[in-house]
Amino acid sequence: LTGAAEGIIHKEFHLSTGDPKLMDEGNVKVIGHTNFDIADQLADMAMEAIHPKASKEMELKNIPIRVTNAFDPGNPGTLINKDYVAPQPRVDMICGRSDMLAVEIFDPEMVGQSGYDHKVLNFFAAWKISYIAKNTNANTITHYVSEKYKNLQSCVEELRKTFPNAKISSREVAIIAVIGSNMKIPGFLSRASRALADAKINILALDQCMRQVNMQFVIDRNDFSDAQKALHAELVEK
(Lines give C-alpha, C1' and ligand atoms only; values in the text may rest on other atoms or scores of the structure.)
Protein backbone atom coordinates (compact mmCIF):
# COMPACT_ATOMS: atom_id res chain seq x y z
CA LEU A 1 0.00 0.00 0.00
CA THR A 2 2.83 2.41 0.77
CA GLY A 3 4.97 1.49 -2.22
CA ALA A 4 7.86 0.84 0.12
CA ALA A 5 11.36 0.59 -1.31
CA GLU A 6 12.15 -2.43 0.86
CA GLY A 7 10.75 -4.59 3.62
CA ILE A 8 13.06 -5.72 6.43
CA ILE A 9 12.64 -8.80 8.61
CA HIS A 10 14.79 -8.93 11.73
CA LYS A 11 15.56 -12.53 12.68
CA GLU A 12 17.71 -14.10 15.39
CA PHE A 13 19.92 -15.67 12.71
CA HIS A 14 21.29 -15.01 9.23
CA LEU A 15 19.85 -16.65 6.12
CA SER A 16 22.87 -18.88 5.58
CA THR A 17 24.22 -21.61 3.31
CA GLY A 18 23.63 -24.26 5.96
CA ASP A 19 22.70 -24.94 9.55
CA PRO A 20 25.52 -23.56 11.72
CA LYS A 21 24.52 -26.02 14.43
CA LEU A 22 25.48 -28.88 12.10
CA MET A 23 28.40 -27.44 10.15
CA ASP A 24 31.52 -25.77 11.46
CA GLU A 25 30.19 -22.24 11.98
CA GLY A 26 33.22 -20.77 10.22
CA ASN A 27 32.29 -22.61 7.02
CA VAL A 28 28.70 -21.35 6.91
CA LYS A 29 28.22 -18.20 4.83
CA VAL A 30 25.50 -15.56 4.66
CA ILE A 31 23.65 -16.02 1.36
CA GLY A 32 23.66 -12.26 0.73
CA HIS A 33 21.32 -12.09 -2.27
CA THR A 34 18.68 -14.39 -3.74
CA ASN A 35 15.18 -14.29 -5.25
CA PHE A 36 11.60 -15.03 -4.24
CA ASP A 37 11.60 -18.32 -6.12
CA ILE A 38 14.44 -19.58 -3.94
CA ALA A 39 12.63 -18.30 -0.84
CA ASP A 40 9.64 -20.44 -1.86
CA GLN A 41 11.91 -23.48 -2.23
CA LEU A 42 13.21 -22.86 1.29
CA ALA A 43 9.67 -22.56 2.63
CA ASP A 44 8.87 -25.95 1.11
CA MET A 45 11.70 -27.33 3.22
CA ALA A 46 10.14 -25.69 6.32
CA MET A 47 12.86 -22.99 6.25
CA GLU A 48 10.38 -20.14 6.51
CA ALA A 49 12.68 -17.16 6.65
CA ILE A 50 9.77 -15.35 5.04
CA HIS A 51 6.23 -16.71 5.06
CA PRO A 52 5.30 -17.51 1.43
CA LYS A 53 1.73 -16.20 1.67
CA ALA A 54 2.85 -12.92 3.19
CA SER A 55 5.76 -12.48 0.79
CA LYS A 56 3.56 -12.87 -2.30
CA GLU A 57 2.04 -9.43 -1.77
CA MET A 58 5.54 -7.96 -1.70
CA GLU A 59 6.68 -9.98 -4.71
CA LEU A 60 3.71 -8.94 -6.84
CA LYS A 61 4.44 -5.28 -6.05
CA ASN A 62 8.14 -5.87 -6.83
CA ILE A 63 9.19 -4.81 -3.32
CA PRO A 64 12.34 -6.64 -2.14
CA ILE A 65 12.64 -8.14 1.33
CA ARG A 66 15.81 -8.02 3.39
CA VAL A 67 16.45 -10.63 6.10
CA THR A 68 18.83 -9.38 8.77
CA ASN A 69 20.24 -10.76 12.00
CA ALA A 70 19.22 -8.58 14.94
CA PHE A 71 22.37 -9.69 16.78
CA ASP A 72 24.65 -8.66 13.91
CA PRO A 73 23.42 -5.13 13.07
CA GLY A 74 26.46 -4.22 10.98
CA ASN A 75 25.77 -6.98 8.44
CA PRO A 76 23.42 -6.08 5.55
CA GLY A 77 21.96 -9.61 5.65
CA THR A 78 20.27 -11.18 2.63
CA LEU A 79 18.29 -9.26 0.02
CA ILE A 80 15.45 -11.18 -1.67
CA ASN A 81 13.98 -9.75 -4.86
CA LYS A 82 12.12 -10.87 -7.94
CA ASP A 83 14.71 -11.28 -10.68
CA TYR A 84 18.07 -11.92 -9.02
CA VAL A 85 20.22 -14.70 -10.47
CA ALA A 86 23.71 -15.28 -9.08
CA PRO A 87 26.29 -14.03 -11.61
CA GLN A 88 28.44 -17.10 -10.98
CA PRO A 89 27.06 -20.65 -10.55
CA ARG A 90 26.71 -21.44 -6.88
CA VAL A 91 24.62 -23.22 -4.25
CA ASP A 92 22.61 -20.86 -2.05
CA MET A 93 21.69 -23.33 0.68
CA ILE A 94 21.83 -26.94 1.84
CA CYS A 95 18.79 -27.75 3.95
CA GLY A 96 16.22 -30.48 4.40
CA ARG A 97 13.33 -32.09 6.23
CA SER A 98 13.51 -35.20 8.38
CA ASP A 99 9.75 -35.46 8.94
CA MET A 100 8.92 -37.03 5.57
CA LEU A 101 6.96 -40.15 4.67
CA ALA A 102 7.24 -41.80 1.26
CA VAL A 103 3.78 -42.99 0.20
CA GLU A 104 4.38 -45.48 -2.59
CA ILE A 105 1.73 -46.94 -4.87
CA PHE A 106 2.82 -49.91 -6.99
CA ASP A 107 0.18 -51.13 -9.43
CA PRO A 108 0.87 -53.30 -12.53
CA GLU A 109 -2.36 -51.93 -14.03
CA MET A 110 -1.06 -48.36 -13.89
CA VAL A 111 1.09 -48.48 -17.02
CA GLY A 112 -0.43 -46.54 -19.91
CA GLN A 113 -3.52 -45.64 -17.87
CA SER A 114 -4.53 -42.00 -18.31
CA GLY A 115 -5.53 -40.12 -15.15
CA TYR A 116 -4.24 -42.61 -12.57
CA ASP A 117 -2.20 -39.98 -10.74
CA HIS A 118 -5.12 -37.57 -10.91
CA LYS A 119 -7.29 -40.08 -9.04
CA VAL A 120 -4.64 -40.42 -6.33
CA LEU A 121 -4.26 -36.66 -5.92
CA ASN A 122 -8.03 -36.28 -5.54
CA PHE A 123 -7.71 -38.23 -2.29
CA PHE A 124 -4.85 -36.02 -1.10
CA ALA A 125 -6.92 -32.94 -1.91
CA ALA A 126 -9.96 -34.30 -0.10
CA TRP A 127 -7.88 -34.89 3.04
CA LYS A 128 -6.10 -31.50 2.59
CA ILE A 129 -2.67 -33.14 2.26
CA SER A 130 0.04 -31.57 0.11
CA TYR A 131 3.25 -33.22 -1.03
CA ILE A 132 6.82 -31.92 -1.24
CA ALA A 133 8.13 -34.10 -4.07
CA LYS A 134 7.00 -36.91 -6.35
CA ASN A 135 8.61 -39.73 -8.37
CA THR A 136 6.93 -41.82 -11.04
CA ASN A 137 7.74 -44.68 -13.41
CA ALA A 138 5.68 -47.14 -15.46
CA ASN A 139 3.89 -48.72 -12.53
CA THR A 140 4.90 -46.78 -9.42
CA ILE A 141 4.01 -43.36 -8.02
CA THR A 142 5.66 -42.12 -4.83
CA HIS A 143 4.58 -38.93 -3.06
CA TYR A 144 6.73 -37.47 -0.27
CA VAL A 145 4.49 -36.04 2.42
CA SER A 146 5.17 -34.51 5.82
CA GLU A 147 4.18 -36.73 8.71
CA LYS A 148 2.57 -33.69 10.36
CA TYR A 149 -0.66 -34.70 8.62
CA LYS A 150 -2.38 -36.80 11.28
CA ASN A 151 -5.01 -37.91 8.76
CA LEU A 152 -2.46 -39.36 6.33
CA GLN A 153 -3.03 -42.94 7.44
CA SER A 154 -6.78 -42.55 6.91
CA CYS A 155 -6.06 -41.24 3.41
CA VAL A 156 -3.83 -44.25 2.70
CA GLU A 157 -6.57 -46.62 3.87
CA GLU A 158 -9.01 -44.98 1.48
CA LEU A 159 -6.50 -45.40 -1.34
CA ARG A 160 -6.17 -49.11 -0.54
CA LYS A 161 -9.94 -49.54 -0.80
CA THR A 162 -10.07 -47.68 -4.12
CA PHE A 163 -7.07 -49.47 -5.64
CA PRO A 164 -7.43 -53.05 -4.30
CA ASN A 165 -4.89 -54.52 -6.73
CA ALA A 166 -2.21 -51.98 -5.83
CA LYS A 167 0.49 -52.42 -3.21
CA ILE A 168 0.46 -49.21 -1.13
CA SER A 169 3.11 -48.65 1.52
CA SER A 170 4.69 -45.82 3.49
CA ARG A 171 8.24 -45.40 4.75
CA GLU A 172 9.98 -42.88 6.98
CA VAL A 173 12.57 -40.89 5.00
CA ALA A 174 14.31 -37.52 4.91
CA ILE A 175 14.80 -35.07 2.06
CA ILE A 176 17.97 -33.02 1.59
CA ALA A 177 17.70 -30.07 -0.80
CA VAL A 178 20.49 -28.36 -2.72
CA ILE A 179 19.05 -24.97 -3.67
CA GLY A 180 20.45 -22.16 -5.81
CA SER A 181 19.37 -19.47 -8.28
CA ASN A 182 22.12 -20.44 -10.75
CA MET A 183 22.88 -24.16 -10.92
CA LYS A 184 22.26 -24.73 -14.63
CA ILE A 185 25.70 -26.08 -15.42
CA PRO A 186 26.92 -29.66 -15.84
CA GLY A 187 28.44 -31.14 -12.72
CA PHE A 188 26.41 -30.04 -9.69
CA LEU A 189 24.29 -33.22 -9.61
CA SER A 190 27.33 -35.41 -10.21
CA ARG A 191 29.30 -33.74 -7.42
CA ALA A 192 26.38 -33.98 -5.02
CA SER A 193 25.86 -37.68 -5.73
CA ARG A 194 29.56 -38.38 -5.35
CA ALA A 195 29.72 -36.51 -2.02
CA LEU A 196 26.88 -38.62 -0.64
CA ALA A 197 28.46 -41.83 -1.96
CA ASP A 198 31.79 -40.93 -0.38
CA ALA A 199 29.96 -40.43 2.93
CA LYS A 200 28.45 -43.94 2.56
CA ILE A 201 24.95 -42.48 2.18
CA ASN A 202 22.55 -44.29 -0.15
CA ILE A 203 20.27 -42.17 -2.32
CA LEU A 204 16.81 -43.76 -2.20
CA ALA A 205 15.37 -41.38 -4.81
CA LEU A 206 15.99 -37.94 -6.25
CA ASP A 207 13.91 -35.17 -7.76
CA GLN A 208 14.94 -32.21 -9.94
CA CYS A 209 12.84 -30.04 -12.24
CA MET A 210 14.25 -28.77 -15.53
CA ARG A 211 14.57 -25.27 -14.07
CA GLN A 212 17.40 -26.68 -11.93
CA VAL A 213 17.02 -24.51 -8.86
CA ASN A 214 16.40 -27.36 -6.41
CA MET A 215 17.92 -30.85 -6.30
CA GLN A 216 16.19 -33.04 -3.72
CA PHE A 217 17.77 -36.25 -2.43
CA VAL A 218 15.59 -38.77 -0.59
CA ILE A 219 17.65 -40.63 2.00
CA ASP A 220 17.27 -42.67 5.16
CA ARG A 221 16.45 -40.53 8.19
CA ASN A 222 19.51 -41.77 10.05
CA ASP A 223 21.68 -40.04 7.42
CA PHE A 224 19.96 -36.65 7.71
CA SER A 225 22.73 -34.73 9.47
CA ASP A 226 25.67 -36.44 7.75
CA ALA A 227 24.15 -35.80 4.31
CA GLN A 228 23.88 -32.06 4.94
CA LYS A 229 27.47 -31.92 6.15
CA ALA A 230 28.76 -33.86 3.13
CA LEU A 231 26.88 -31.72 0.60
CA HIS A 232 27.82 -28.45 2.28
CA ALA A 233 31.49 -29.43 2.35
CA GLU A 234 31.47 -30.31 -1.36
CA LEU A 235 29.19 -27.66 -2.88
CA VAL A 236 29.66 -24.64 -0.61
CA GLU A 237 32.99 -24.89 1.17
CA LYS A 238 35.15 -25.89 -1.82
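What classes of residue, nonpolar, polar or charged, make up the lining of the largest cavity? By class, that lining has 7 nonpolar, no polar and no charged residues. Here nonpolar covers Ala, Val, Leu, Ile, Met, Phe, Trp, Tyr, Cys and Pro, charged covers Asp, Glu, Lys and Arg, and polar covers the others, Gly among them.

## Ground rules

This is a predicted model, in which local features need pLDDT of at least 70 and side-chain atom pairs count only at pLDDT 80 or more, while totals for chains, interfaces and linings use all residues. Residues are numbered from 1 along each chain as its sequence is written, and side-chain values use heavy atoms, with hydrogens and water left out.

## The cavity

Rolling a probe the size of a water molecule over the atoms shows where empty space is left. Searching the whole structure turns up 1 cavity of 30 Å³ or more. On a 1 Å grid over the protein atoms alone, a cavity is a set of points where a 1.4 Å probe fits but cannot get out, whereas a pocket is an open set with protein on both sides within 12 Å along at least five of seven lines; lining residues have an atom within 4 Å of a point. Points are joined across faces, edges and corners, and a volume is the space filled by probe spheres set on them.

The largest cavity holds about 30 Å³. Around it sit Leu 15, Ala 39, Leu 42, Met 47, Ala 49, Ile 50 and Ile 80.

## The pockets

The largest pocket has about 590 Å³ of space. Its lining counts 27 residues, and Phe 13, Gly 18, Asp 19, Pro 20 and Met 47 are the closest to its centre. Met 47 also turns up in the lining of the largest cavity. By class, the pocket lining splits into 13 nonpolar, 7 polar and 7 charged. β5 (93-106) and α6 (224-235) each supply at least two of these residues, and β5 gives the most, with 7. Helices (H or I, at least four residues) and strands (E, at least two) are DSSP runs, numbered from the N terminus.

The second largest pocket comes in at about 260 Å³. It has 12 lining residues, with Asp 44, Arg 97, Ser 130, Ile 132 and Lys 148 nearest its centre. The class split there is 6 nonpolar, 2 polar and 4 charged.

## How the helices pack

Now for α6 and its partner α5 (residues 188-198): their axes come within 9 Å and cross at roughly 135 degrees. That makes α5 oblique to α6; angles under 35 degrees count as roughly parallel, over 145 as roughly antiparallel, 65 to 115 as roughly perpendicular and the rest as oblique. Axes are lines fitted to C-alpha atoms, for helices over the stretch in contact, and angles run from 0 to 180 degrees between N-to-C directions. In contact terms (heavy atoms within 4.5 Å), Phe 188, Arg 191, Ala 192, Ala 195 and Leu 196 of α5 meet Ala 227, Ala 230, Leu 231, Glu 234 and Leu 235 of α6. That contact has 8 nonpolar, no polar and 2 charged residues.

Helices α1 (residues 36-44) and α2 (residues 52-60) cross at roughly 175 degrees, their axes coming within 11 Å. That makes α1 roughly antiparallel to α2. Phe 36, Asp 40 and Ala 43 in α1 touch Pro 52, Ser 55, Lys 56 and Glu 59 in α2, a mix of 3 nonpolar, 1 polar and 3 charged residues.
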